[in-house]
Amino acid sequence: MMFTPDVWEVIWLSLQVTTTSVLIGILIGIPAGAFLGLYSFSGKRLIVILIYTCMGLPPVLVGVVVYLLLSRYGPLGSLDLLFSAEAMIIAQVILVTPIITGLTMAAVQAKENAYWETAKSLGASPFQLMVTIIKEARGGIWSGIAAAYGRAISEVGAVMLVGGNIEHHTRVMTTAIILETRTGNFSGGLQMGFVLLSISFLFNSFMMVGMLNQMKARKR
Amino acid sequence: MKIRFSLIYPFFLALVLMLLSACSPQSSQPGSATPTPESTTPATASKEAKEIVLATTTSTQDSGLLDSLLPVFEQKTGIKVKVVAVGTGQAIKLGEDGNTDVLLVHARKSEDEFMEKGFGINAYDVMYNQFYIVGPSDDPAGLKQAKTAKEAMEKIAANKSSFVSRGDDSGTDKKEKSIWKEAGITPEGSWYLSSGQGMGETLQMADEKKAYTLTDEATFLSRKLGLQIVMQGDKSLLNPYGIIQVKSSSKQEEGMQLIQFFTGEEGQKLIGEFGQATYGKGLFVPDAKKR
């Protein structure tokens, strides 16, 4: 496999889809996680159990459900979204949001008491409280984001089903690997796999550096 | 996942073979694994090696043909057949790498190359079935007026109607590409969608996208969807299947038994009957002969 324009296109689409999904996941997951970590209310335990369950959602299952929803014969068929990048993003948001929510919640809970009391006594509004606690728990939240990114970019079951692996439209790295393998081009598949790993490695390295810097800053 | 399995499999097989040969020194003659072209002389493989691998295209598996044939064979001979159903491209690659004992595929050109390169012995025609060009029921490109498959493809391209291609180097994909080539068209543009998936998924996609596609008869009949046949019967839409023994296989005798079953009287009869109960007509036409 050479780095032909086709290959770059596949890599670029993977990055676009995954990054968009994780960003949407962050927008939903971090506030939701912080809220769950800070406040207690009746039924919270059930919600927490559900979130932890959804952290391990089988991608293929998510794929089938999203497929049926978006199918021409399904309830959202009129949107004409099946076999598009948007459909892949929808599926991945469903996969990564619980991960970000769950890990944010855990990180916030670990920090909660100390900062909660101080901030409250200083007269912080609920919104300020949330922002403060998210800042304080960022180490754990970062790792949640890293986990979500790794899950999204390496996921194949859902994107294959709802994206359809269409060349120049919805072919991403993981589905390209499957195709290479199916056509007998194992080395092409492996090479694409290494690209995938390298991207994961780079991404996690940046995350790690960010986290370490913060920890140092805090110790000072 | 697929990659991991495919790579681990030969290692695992090698490990098992090593253990087997270590356990039964008297039965393991290294020479027994060397190919004996054009012969069916029993290999000196040990008794417990009653299991062979058949690499085949998804169409024979998905249509249910193998499910109706292989149990009969297994009962008759006691040889267990492990089916690896993949695209023809991968099936042939499995043969070249010696990871399968017998091939049942439909891509005559690749099969001939496979034989020429010396990877296979004992190639037979087994049966054929038809390809259809199918599409949405309103037939926007007017394919029903076309006389040949070539003309039909020209109409699709001229009309820029959506067309879903397998794009996976399978036998069906090769057939489709050869018709485009015959028509002198390089299909590209946003109307031409290359799914890189199996026939079932591709049909599903064509149905969703209201697009045309080229499909084998068996898979199409087994999941009708909202598509209908818009072109059939043209000579270039015939789809012959071949069965080939892999030369580097260590199970020559069992492999040959399987081939004899498929090309023999009983197998051919079963092939001809297959599908009649469900679809009112046979899905495959038996026409066994040695090449």
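## Exercises on a two-chain predicted model

Val162(A) touches, leaving aside residues up to four places away in sequence, Gly63(A), Val66(A), Tyr67(A), Leu70(A), Leu82(A), Ala87(A), Met88(A) and Ala91(A), where contact means that C-beta atoms, placed from the backbone, lie within 7 Å. Residues are numbered from 1 along each chain as its sequence is written, and chains are lettered from A and ligands numbered from 1 in the order in which they are written. The model is predicted, so local features need pLDDT of at least 70 and side-chain atom pairs count only at pLDDT 80 or more, while totals for chains, interfaces and linings use all residues.

**Exercise 1. Place Val162(A) in the largest nonpolar core.**

Step 1. A nonpolar core is a set of buried Ala, Val, Leu, Ile, Met, Phe, Trp, Tyr and Cys residues joined through C-beta atoms within 7 Å; a residue is buried if 20 or more other C-beta atoms lie within 10 Å of its own, exposed if 12 or fewer, and partly exposed in between.

Step 2. The largest such core has 84 residues, and those touching the most other members are Val66(A), Ala87(A), Ala91(A), Val162(A) and Ile133(B). Its largest share, 15 residues, is supplied by helix H4 (residues 85–121) of chain A.

Step 3. A second, separate core holds 34 residues, among them Leu69(B), Ile92(B), Val126(B) and Tyr241(B).

**Exercise 2. Check the length of helix H3 (residues 65–77) of chain B and find its buried side.**

Step 1. Helices (H or I, at least four residues) and strands (E, at least two) are DSSP runs numbered from the N terminus, and the expected span of a helix is 1.5 Å times one less than its number of residues. The 13 residues of H3(B) should therefore span 18 Å, and the end C-alpha atoms lie 19 Å apart, which agrees.

Step 2. Leu65(B), Leu69(B) and Phe73(B) are the residues to examine, since they are buried in H3(B). They lie on the same side of H3(B) because they cover an arc of only 30° around the axis, the arc being that of the directions from the helix axis to the C-beta atoms.

Step 3. On the other side of H3(B), Asp67(B), Pro71(B) and Gln75(B) are exposed. The cover over the buried residues of H3(B) includes helix H2 (58–62), strand S2 (80–86), helix H10 (252–263) and helix H11 (265–273) of chain B.

Step 4. After H3(B) comes Gly78(B), with a positive phi near 75°.

**Exercise 3. Describe how the two domains of chain B meet.**

Step 1. Domain 1 of chain B comprises 51–129 + 239–290 and domain 2 comprises 130–237, with bounds from an automatic or database domain assignment. Their centres, taken over C-alpha atoms, are separated by 25 Å.

Step 2. In the contact, 15 residues of domain 1 of chain B meet 17 residues of domain 2 of chain B. On the domain 1 side, H2 and helix H4 (88–96) of chain B are the elements giving two or more residues, and H2(B) gives the most, with three residues.

Step 3. H4(B) is largely enclosed by the rest of the structure, because eight of its nine residues are buried; among them are Thr88(B), Ile92(B) and Gly95(B).

**Exercise 4. State what each chain gives to the contact between chain A and chain B.**

Step 1. Chain B supplies 20 residues and chain A supplies 21 residues.

Step 2. On the side of chain B that touches chain A, the largest share, four residues, comes from H4(B).
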